[in-house]
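User: Could you walk me through one part of this model up close? I'm new to this, so please keep it friendly and connect the pieces for me.

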Amino acid sequence: EPVVENVTLCKDEIASPLEATAPDGYSLLWFLDENGVGTTTAPTPDTSISGTTTYYVALVNELGCEGPKISLTVTVKDLPTATISGTTSICSGNGTTIQFSGTPNATVSYAINNGTATPITLDANGVASLPTGNLSSTNTYSLLSVTSNETPACSQNFTGVEVVVTVTLSTTPITTFEYEEYICSNTATIS
């Protein structure tokens, strides 16, 4: 029998042709289904659609006799997802919370004002919160990527997915007072 290993790939990953090991004196014959026609060319899995596909491979001896087919399963996993949201306008000196949501237990990478990429892990419900602290100027929170917490770790990059928190400077209201002259009762006015 040929030696095979099941394969797990990420959606849209560039796949290589499948592999199996044949003993000396044997060649491999690949099948897209159990009752199909074999080919000596190993198939390359289609990763454009997530799901599971079973391929088959058999040994062929020097006389051209075909052995039993052995199955090989290829699983294509969906890419993790993530979104970013939050309040977009606050007053100076106040803070808000940036929310990330997506694939449970995935790691999200974000940056503040195009700074260093920073990871944050989504919880089992697929949510993480980032308090901004008190802000005195406008800040841009960018979602850079998300990576699943599985093997293999599938990831997805983002461009232009961000929340801009605009900070409005607080102004002290100006209040004017008008004073009226009061005359006390029982006061005589001298003319």
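Analyst: Let's start with one facing pair: Ile-112 stands opposite Tyr-141, and Tyr-141 belongs to strand β11. Keep in mind that this is a predicted model.

Now zoom out a little to the strands around that pair. Strand β8 covers residues 107–112, and it pairs with β11 in the antiparallel sense over six bridges. β11 has another partner too: eight bridges join β11 to β12, and these two also run antiparallel. On that side, Thr-140 stands opposite Val-164 in β12.

Next, follow the chain from β11 towards β12. There's a loop between β11 (139–147) and β12 (155–168), and Cys-154 sits in it. So what does Cys-154 link up with? A disulfide joins Cys-154 to Cys-10, with the two sulfurs 2.0 Å apart. The link is left-handed, with -90° about the S-S bond. Cys-10 lies in strand β1 (residues 7–10), so this pair ties together parts that are 144 residues apart in sequence.

Is each end of that link buried or exposed? Cys-154 has a relative accessible area of 0%, so it's buried. Cys-10 comes in at 9%, which also counts as buried because the cut-off is under 20%. The structure holds one disulfide, and there are other cysteines to look at, including Cys-65, partly exposed at 44% relative accessibility, and Cys-91, partly exposed at 40%.

Back to the loop, because Glu-150 lies there as well, between β11 and β12. The side chains of Glu-150 and Lys-77 meet in a salt bridge, at 2.8 Å from N to O. Lys-77 is in strand β4 (residues 70–77), so here the tie is between parts 73 residues apart in sequence. The general idea is that side chains of opposite charge can pair when their charged atoms come close. Glu-150 is partly exposed, with a relative accessible area of 49%, whereas Lys-77 counts as buried at 13%.

How many salt bridges are there? The count comes to three. Another one is between Asp-12 and Lys-11, whose closest N and O atoms are 3.4 Å apart. Asp-12 is partly exposed at 47%, and Lys-11 is partly exposed at 24%. Then there's Glu-66 with Lys-69, at 3.6 Å from N to O. Both ends of that one are partly exposed, with Glu-66 at 42% and Lys-69 at 29%.

To pull the loop together: Cys-154 ties it to strand β1, and Glu-150 ties it to strand β4.

Definitions and conventions. Residues numbered from 1 in each chain as written. Predicted model: local features only at pLDDT ≥ 70, side-chain atom pairs only at ≥ 80, totals over all residues. Heavy atoms only, no water. Disulfide = S-S within 2.5 Å. Helix = DSSP H or I, 4+ residues; strand = E, 2+ residues; numbered from the N terminus. Buried < 20%, exposed > 50% of the residue type's maximum accessible area, 1.4 Å probe, protein only. Pairing = 2+ DSSP bridges. Salt bridge = Lys/Arg side-chain N within 4 Å of Asp/Glu carboxyl O.
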